[in-house]
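Trainee: Could you take me through one part of this model up close? I'd like to look at the loop that carries an unusual backbone angle, and then at what surrounds it.

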Amino acid sequence: MDSTLEKEAFSNPVEIANRTVKKTTKTDRLAVKQMSREELEECVLQLSAHNTQLKSLLQRSLAQKHTKQEAAETVHPNNKKSAKKTRLFDFDKHPSRHILLKFAYLGWSHQGYAVQEDTLNTIEADLFDALLKTKLIKSRQTSNYHRCGRTDKGVSAFAQVISITVRSQLQQLSTTQPCPSQELQYVDLLNRGKTSNS
């Protein structure tokens, strides 16, 4: 094996591993095949540590985003412009119902439909931001959410279907079809609550 490549592989195995994932060349494959067991173990340990760091950064980023949102929503006593009192929304005072929601989205600028560990730029993340912002759900965990499909990066959908339990204005669910004028206008609420052009 070329001595410079061997030194590079030993001194920075993460870079070698990144290159094999991004664009594998014959030289990279040869370098990995010729690594000793100790070098491969070191590479795996460094990749694992790198993965842990990335997860930590993502969690920190999510925490900062939520902290900024909470800070923007709280009332500052010295700020006369924000004299409104903020009150917590009591979901127990409102009935809920399980609905089927059919919608379309343009996924060109998103990383796919399903929420992913490494990015917040997904349709599902935007959907839940809107659902939470409009107080249609208390949390994702309590929403009884189910999806029937997903799309890849940059793909749009014109008939995505989900089922979810949301807040309702109807006091009792009847066996007959409820009058649409009596129910919340879910589509209007979600369109006003969305954060991107999806």
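**A loop and the core beside it**

Mentor: Let's start with N144, which sits in the loop between α5 and β2. Keep in mind as we go that this is a predicted model. N144 isn't a glycine, yet its phi is positive, at about 50°. That's worth a second look, since most residues other than glycine have a negative phi. As for its surroundings, N144 has a relative accessible area of 41%, so it counts as partly exposed.

The loop between α5 and β2 also holds K135. K135 is another non-glycine with a positive phi, this one about 60°. With a relative accessibility of 33%, K135 is partly exposed too.

Now follow N144 inward. One residue in contact with N144 is I164. Setting aside neighbours within four places in sequence, the contacts of I164 also include S143 and Y145. The rest of that list is R97, H98, I99, F128, L131 and I137.

I164 takes us straight into the largest nonpolar core, which has 21 residues. I164 is among the members that touch the most other members, along with F103, Y113, L131, L136, I162 and V166. Notice that L131 turns up in that group and is also a contact of I164. Where does the core draw its residues from? At least two each come from β1 (96–105), α5 (123–133), β3 (157–167) and α6 (186–193). The largest share belongs to α5, with five residues.

Moving on along the chain, have a look at G154, in the loop between β2 (146–147) and β3. Its C-alpha atom is 4.0 Å from that of W108, although the two residues are 46 apart along the chain. Leaving out neighbours within four places in sequence, G154 is in contact with W108, G107 and H110. G154 is partly exposed, because its relative accessibility of 28% falls between the 20% and 50% cut-offs.

Since you're at the bench, a word on cysteines. How many disulfides does the structure hold? Zero. C43 is buried, because its relative accessible area is 9%, under the 20% limit. C148, on the other hand, is exposed, because its relative accessibility is 61%, over the 50% limit.

So, back to the loop you asked about: K135 and N144 both have a positive phi without being glycines, and N144 is in contact with I164, one of the residues with the most partners in the core.

Definitions and conventions:
Residues numbered from 1 in each chain as written. Predicted model: local features only at pLDDT ≥ 70, side-chain atom pairs only at ≥ 80, totals over all residues. Heavy atoms only, no water. Core = buried A, V, L, I, M, F, W, Y, C linked by side-chain atoms within 4.5 Å. Buried < 20%, exposed > 50% of the residue type's maximum accessible area, 1.4 Å probe, protein only. Helix = DSSP H or I, 4+ residues; strand = E, 2+ residues; numbered from the N terminus. Contact = heavy atoms within 4.5 Å. Disulfide = S-S within 2.5 Å.
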